[in-house]
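Let's take a friendly walk through a protein chain together. Have a look at the picture first, and then we will go through its parts step by step.

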Amino acid sequence: MGAVENIKEVAELVKKFNDIELNRRILNLENEVLDLSRERRRSEEKIEELERALKLKTQLYFSEPFYWMKGDTTPYCPSCWEAKTIAVHLLFGCDNQDGTSGWNCANCKHNYWPQGHRQQLVAKANMVRDR
Ligand SMILES: [Zn+2]
């Protein structure tokens, strides 16, 4: 049984004594336990978030102008990763005749027109990774 359920049971038992001060103190204690329980949940969520970010940090590498992950030929948005540490795949639009590729981030809506067609960028990223 958790602390929250435990304190609720104690509060029910204490009611039988009809002691106003004791009831008030138990009620305060119950609220404090609930606050601590919520804080603990928030901390656990934060730890999970940081662990995810840390794992990504060791896997992502930079090959201008994008971030890449080994074994993944789709790049990640540099703006989202560097500003908010969120890994968002870029959506490939097209290779243009002028030697550029069009990519879009669904999160920050940024459009990228880097030098080099898609396959050239992927090949360059693989070379950077293997160095
Ligand atoms: Zn983005």
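## Two hairpins in a row

In this predicted model, β4 and β5 make a hairpin with five residues between the strands, and G99 there has a positive phi near 85°. The strand β5 covers residues 101-105 and is joined to β4 by five bridges, with the two running antiparallel. To find one facing pair, look for F92, which stands opposite W103 in β5.

Now follow the chain onward. β5 also forms a hairpin with β6, again with five residues between the strands, and K109 in the turn takes a positive phi of about 65°. Two bridges join β5 to β6 (residues 111-112), and this pairing is antiparallel. Here N104 is found opposite N111 in β6. As background, strands of a sheet pair through backbone hydrogen bonds, either parallel or antiparallel.

## A sheet with a helix on it

Another group of strands forms an open sheet in the order β1-β2-β3, with antiparallel pairing. β1 (60-63) and β3 (72-76) are at the edges with a single partner strand each, so one side of each has no neighbour in the sheet. From one strand to the next, the twist averages 40°.

The strand β2 (residues 66-69) is linked to β3 by two bridges, and Y67 of the chain stands opposite Y76 in β3. Helix α4 (residues 118-130) packs on this sheet and touches β1, β2 and β3, and its direction makes about 120° with that of β1.

## The nonpolar core

Which residues make up the largest nonpolar core? It has 10 residues: F66, Y67, W68, Y76, C77, C80, L90, W103, L121 and A125. At least two of them come from β2, and at least two from α4. β2 gives the most, with three residues. In soluble globular proteins, nonpolar side chains tend to be buried together.

A125 is a good residue to click on. Apart from its neighbours within four places in sequence, A125 is in contact with S63 and W68.

## A closer look at V88

Where does V88 sit? V88 lies in the loop between α3 (78-84) and β4 (90-95). Is V88 buried or exposed? V88 counts as partly exposed because 18 other C-beta atoms are within 10 Å, while a buried residue needs 20 or more.

Setting aside neighbours within four places in sequence, V88 is in contact with Y76, C77, C80, C105, A106 and N107. One of these partners, C105, is 17 residues away along the chain, yet the C-alpha atoms of V88 and C105 are separated by 7.1 Å.

## The whole chain

Stepping back, the chain has four helices and six strands. Starting at the N terminus, these elements follow the order α-α-β-β-β-α-β-β-β-α. The domain assignment gives domain 1 (3-55) and domain 2 (64-130). Taken over C-alpha atoms, the centres of domain 1 and domain 2 are 47 Å apart.

What are the overall dimensions of the chain? Along its principal axes, the C-alpha trace spans about 85 × 30 × 20 Å. The radius of gyration is 26 Å, whereas a compact globule of 131 residues would have one near 14 Å. Of the 131 residues, 9% count as buried. Among contacts with a separation of 6 or more, 29% are between residues 24 or more positions apart.

Conventions: Residues numbered from 1 in each chain as written. Predicted model: local features only at pLDDT ≥ 70, side-chain atom pairs only at ≥ 80, totals over all residues. Rg over C-alpha atoms; globule rule 2.2 N^0.38 Å. Buried ≥ 20, exposed ≤ 12 C-beta atoms within 10 Å, placed from the backbone. Contact = placed C-beta atoms within 7 Å. Pairing = 2+ DSSP bridges. Axes fitted to C-alpha atoms, helices over the stretch in contact; angles between N-to-C directions. Core = buried A, V, L, I, M, F, W, Y, C linked by C-beta atoms within 7 Å. Domains from an automatic or database assignment.
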